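Subject: Structure handover

Hi,

Here is the structure for you to look at. My notes on what turned up follow below it.

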Amino acid sequence: MGRKVNPIGYRLAVQKDWRSKWYASEQEYTKFLHEDLKVRAYLKKKLYTAALSKVQIERAWNSLRVTLFTARPGLVIGRKGAEIEIMSTRISAMCSERDVKIDIFEIKQPELDAQLVAENVAIQLERRIAFRRAMKRAIQTTMDFGADGVRIRCSGRLGGADIARAEWYKRGKVPLQTLRVPIDYGFAEARTTYGIIGVKCWINKKEEIEKPKRETGGGPRRDPKGKRSRAPRTK
């Protein structure tokens, strides 16, 4: 089941959150949806080299808040915040002159972000690096940073072949059906001279389980009947 649906939409409201947070009437829903698509396409094209992982959009009455998750916040901000002002003006023009505020969230470990790993492999394919080497290098780097499992799949005219095919490599545990496991998913496209090669990446991050704390100490204990008993003496 994990392969037949989008892994992010499959886990919504369980461990994933919506990337567009707003409410609209039936008359405005289509308008807001297309505005979000334009904003995401514009930011993805402009910040292609800034390691942009995802864009979160929130709407209020007459304002728009855009949160950018990136591994290179310096390239997004620009010198003295010049790039922020340019993007705010452009996004405001796309969204009916609304007040736009842009927030930037830095990704501390881009090697554990599935979208950035997929884009890294796609960039290497565009530079004519062998696809097997690029996939194995990305898998090794992700596992070295503490992931429980990773799976990368490339499909298209791999190596300039006449017939398109798909190849994938996997290391560790990547359970696609277990919803409690934190699976991160990313997709990127490599535009080569032979055509477009799609790159998909699944990363299984470590599941944090709270373990019950054990009581320690040599103080008095209570038996099941509720009576107080002393600790045994040692000679």
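L37 is partly exposed, with a relative accessible area of 49%. This is a predicted model, so please read every value here as computed. L37 sits in helix α2, which covers residues 26-46. Together with Y29 and L33, L37 makes a nonpolar surface patch of about 290 Å². L37 qualifies for such a patch because its 49% is over the 30% cut-off for patch residues.

Helix α2 also belongs to a β-α-β unit. The unit is made by β1, α2 and β2, and it is left-handed. Its two strands, β1 (residues 20-21) and β2, run parallel and are joined by two bridges. Within that pairing, K21 stands opposite E58 of β2.

Strand β2 spans residues 52-59. Is it mostly covered or mostly open? Mostly covered: six of its eight residues are buried. Strand β2 also pairs with β3 (residues 63-70). Here the strands run antiparallel, and seven bridges join them. K54 has F69 in β3 as its bridge partner. The link between β2 and β3 is a hairpin of three residues.

Now the charged pairs. How many salt bridges does a search of the whole structure find? The count is 13. I looked at a few of them.

- E167 and R132: their side chains meet in a salt bridge at 3.1 Å, N to O. E167 is in strand β6 (residues 165-172) and R132 is in helix α6 (residues 131-144), so this pair ties together parts that are 35 residues apart in sequence. E167 is buried, at 16% relative accessible area. R132 is partly exposed, at 38%.
- R165 and E167: these side chains also meet in a salt bridge, at 3.2 Å, N to O. R165 counts as partly exposed, with 32% relative accessibility. E167 counts as buried because its 16% is under the 20% cut-off.
- R191 and E189: the closest N and O atoms of this salt bridge are 3.6 Å apart. R191 is exposed, with a relative accessible area of 58%. E189 counts as partly exposed, at 36%.

There is also a network. K16, D184 and K205 are joined into one by salt bridges that share partners.

Last, the inside. The largest nonpolar core has 23 residues. Which of them touch the most other members? They are V121, L125, I152, C154, V199, C201 and I203. Several elements give two or more residues to this core: helices α5 (114-126) and α6, and strands β5 (149-156), β7 (183-192) and β8 (195-204). The largest share comes from α5, with six residues.

Two elements are worth viewing twice. Helix α6 gives two or more residues to the core, and R132 of the E167 salt bridge lies in α6 as well. Helix α2 holds L37 of the surface patch, and α2 is also part of the left-handed unit with β1 and β2.

If you open the model, a simple route is to start at the patch made by Y29, L33 and L37. Then go to the salt bridge between E167 and R132. Finish in the core, at the six residues from α5.

Best wishes

Key:
Residues numbered from 1 in each chain as written. Predicted model: local features only at pLDDT ≥ 70, side-chain atom pairs only at ≥ 80, totals over all residues. Heavy atoms only, no water. Patch = residues over 30% accessible without salt bridge, like charges linked within 9 Å, V, L, I, M, F, W, Y side chains within 5 Å. Areas by Shrake-Rupley, 256 points an atom, 1.4 Å probe, with all protein chains shown as cover. Salt bridge = Lys/Arg side-chain N within 4 Å of Asp/Glu carboxyl O. Helix = DSSP H or I, 4+ residues; strand = E, 2+ residues; numbered from the N terminus. Buried < 20%, exposed > 50% of the residue type's maximum accessible area, 1.4 Å probe, protein only. Pairing = 2+ DSSP bridges. Right-handed = clockwise from strand over helix to strand, strands pointing away. Core = buried A, V, L, I, M, F, W, Y, C linked by side-chain atoms within 4.5 Å.
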